[in-house]
Amino acid sequence: MQKMAFPGRHALHEPSHSHIPSSYAPLLDPATTSAFEAPDRQCRRRRSSVVALPLMAVLLVVALFSVVALVTNGNKPNPMVSTPPESQQPENMIPSRRGETEGVSLKSFRPLLGAPKYSWTKKLLAWQKTGFHFQPKKNWMNDPNGPVFYKGWYHFFYQYNPYGAVWGNIAWGHAVSRDLIHWRHLPMAMVPDDWYDINGVWTGSATILEDGRLVMLYTGSTNESVQVQNLAYPADPLDPLLVDWVKYPGNPVLVPPPGIGSKDFRDPTTAWLTPQGKWRFIIGSKLNKTGISLVYDTKDFKTYELLNGLLHSVPGTGMWECVDIFPVSKIVENGLDTGENGPGVKHVVKTSLDDDRNDYYALGTYDGETGKWIPDDPINDVGIGLRYDYGIFYASKTFYDQEKKRRVLWGWIKETDSENADIQKGWASVQAIPRTILFDKKTGTNILQWPVEEVERLRMSKKVFDKVEAKPGSIVPLHVGFATSQLDIVAEFEVDKVALESINDTDHTTYSCPTSHGAAQRGALGPFGLLVHTDNHQTEQTPVYFYISKDTEGNFKTFFCADHSRSSEAIDVDKAIYGSTVPVLEGEKLSMRILVDHSIIESFAQGGRTCITSRIYPMRAVYENAGIFLFNNATDATITASLHIWQMSSAYAHS
């Protein structure tokens, strides 16, 4: 069979700046871009020069299973087993569990067995598209890849299927921005066109070298579905738009080491300089059910040394993918470059767990000499403790923004409706608003995530509500005077002190957002918060709220939750309840910030200590039929709320 032709893309091994057919408007006109044109280059293929590495002794102890033979790299690429475009596929060809057999996490949502399929109208599907979140004009998108600030531009690459609104045919989409909010799409950066990535150009990371050059390491799925690591770099380093990319002719530069499964070796991180002057990065994997992160050193990004031991491992967590490690300062209020370390620094280690598709992190100490990381709190280790986000948020990746000296986090918001609905609307998935990350100096036990400041430039009309009282069991409409599909909400809540003091030690309750009955479950001190995307009859509503209870030891615990159970009358969509505890220190008011953008709701409690991303599919609470309400479903406590609500402009993020 012939290889599938990917539209709108230069030949990767012979870059040029001739006209490219593309559905996206060009960022600059040809006269402007001519100064950045690169000469044509021929990349001569040669056999990979990967250095054979022995398996570490610690892997043999943990693995307890036989060595897996290394993949033999042939000189000639095997032909791709191509898949017809989605529009040409018969319905019975659509798999129900996309991604798993290929060696990555599940990429499709599975509604309840037997749930009736809702027939969406074009108007309802059009409403779901966001106004200021990043998404392509059409088709499927998943993991963020290689975000970087380069020569005045923010670059964002992402997993992309140019042929349809389901996972498959994965290439790298590419967009650029001056402010992380207003984006223009460029042609695809890399497509699966050689034996070492013919089954997918998967997740990777960017590294800026000491001389300013940029390199990209990424995972490719070979013609035999083996996960290997590959090197790519800009064809013209002087081009600030990085339109053309060259794949290193010696790819793959890394294959799974002995003892590591052929489908358990993926997602290299950004590299950083070690005290020995080498570049170091980590790759996610597993040994049996133990999640691990392998550590590699390199001097030239062509040959590599696998370090003895592991950066870290946690039994029972399964496959680690999209791993990340970066420093946070305990002293200053800005982000740190990836290689920084010292007495005033903590290191965050993060993984996306293939088993439950959530992003976990932990704070700890990284030893640059040994390449090992130790968690501050083993009880809340990676994969069993804190999460970046307690909602629909996965496969995240950070980068250091040297322009503004900040650590920025990207995360994928997947669909939780049916595949048929995604195919009907012609697109699937959104990226969360980029977030800054800081160490929480007040608690010392968590990070703070907050939307990048640039999103505030989209604020338009503003409505202020000062000290609105909500008695137990009440719902108060908030008449903002403008459409509520795109909002930025900042709210503070005060709880009746008499009610707080009257809860005695015999009122112990065990509460959890996911296992509760959502906003309908009443307690003495909660739930209370906001109903967003709520129709006038409150048939559909998405509550975002606090719930205060006492634990079994008599201590107050505050929960931050988002209830999807009544977010839509459709049956074949996600209806879960999300959330977790949030630290609240003495003297602090309860606070939340909510970004509402059509079918996406991003919620941040206590300055970003706990975050929840919601993906919802309302049928009634849309357009002019959607409103916002203050609610208090506590049985004992009166609450007082003060709110600032802005209507948000569109960023034309998918123009």
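**Exercise 1. Which residue of β15 stands opposite proline 327, and in what sense do β14 and β15 pair?**

Step 1. Proline 327 stands opposite histidine 347 in β15. Strands here are DSSP runs of E of at least two residues, numbered from the N terminus.

Step 2. β14 and β15 (residues 345-353) pair in the antiparallel sense over eight bridges; two strands count as paired if DSSP finds at least two bridges between them.

Step 3. Now place the pair in its sheet: four strands, open, in the order β14-β15-β16-β17, with antiparallel pairing. β14 and β17 (372-375) are the edge strands, each pairing on one side only.

A word on the model before you go on: it is predicted, so local features need pLDDT of at least 70 and side-chain atom pairs pLDDT 80 or more, while totals for chains, interfaces and linings use all residues. Residues are numbered from 1 along each chain as its sequence is written, and side-chain values use heavy atoms, with hydrogens and water left out.

**Exercise 2. Find which elements give two or more residues to the lining of the second largest cavity.**

Step 1. A cavity is a set of points on a 1 Å grid over the protein atoms alone where a 1.4 Å probe fits but cannot get out, and lining residues have an atom within 4 Å of a point. There are four cavities of 30 Å³ or more.

Step 2. The second largest holds about 60 Å³, a volume being the space filled by probe spheres set on the points. Its lining includes Val323, Asp324, Ile325, Lys397 and Thr398.

Step 3. The elements asked for are β14 (320-329) and β18 (394-401). β14 gives the largest share, three residues.

**Exercise 3. Describe the salt bridges of aspartate 488 with arginine 459 and arginine 593.**

Step 1. A salt bridge is a side-chain nitrogen of Lys or Arg within 4 Å of a carboxyl oxygen of Asp or Glu. Aspartate 488 meets arginine 459 at 3.0 Å, N to O. Aspartate 488 lies in β26 (residues 486-495) and arginine 459 in β24 (residues 459-470), so this pair ties together parts 29 residues apart in sequence.

Step 2. With arginine 593, the closest N and O atoms of aspartate 488 are 2.7 Å apart. That pair links distant parts of the chain, as arginine 593 is in β31 (residues 590-597), 105 residues apart from aspartate 488.

Step 3. Check accessibility: buried means under 20% relative accessible area, exposed over 50%, partly exposed in between (1.4 Å probe, protein chains only). Aspartate 488 is buried at 0% and arginine 593 is buried at 1%, whereas arginine 459 is partly exposed at 23%.

Notes
1 Å grid on protein atoms, 1.4 Å probe; cavity = no way out; pocket = protein on both sides within 12 Å on 5 of 7 lines; lining within 4 Å.
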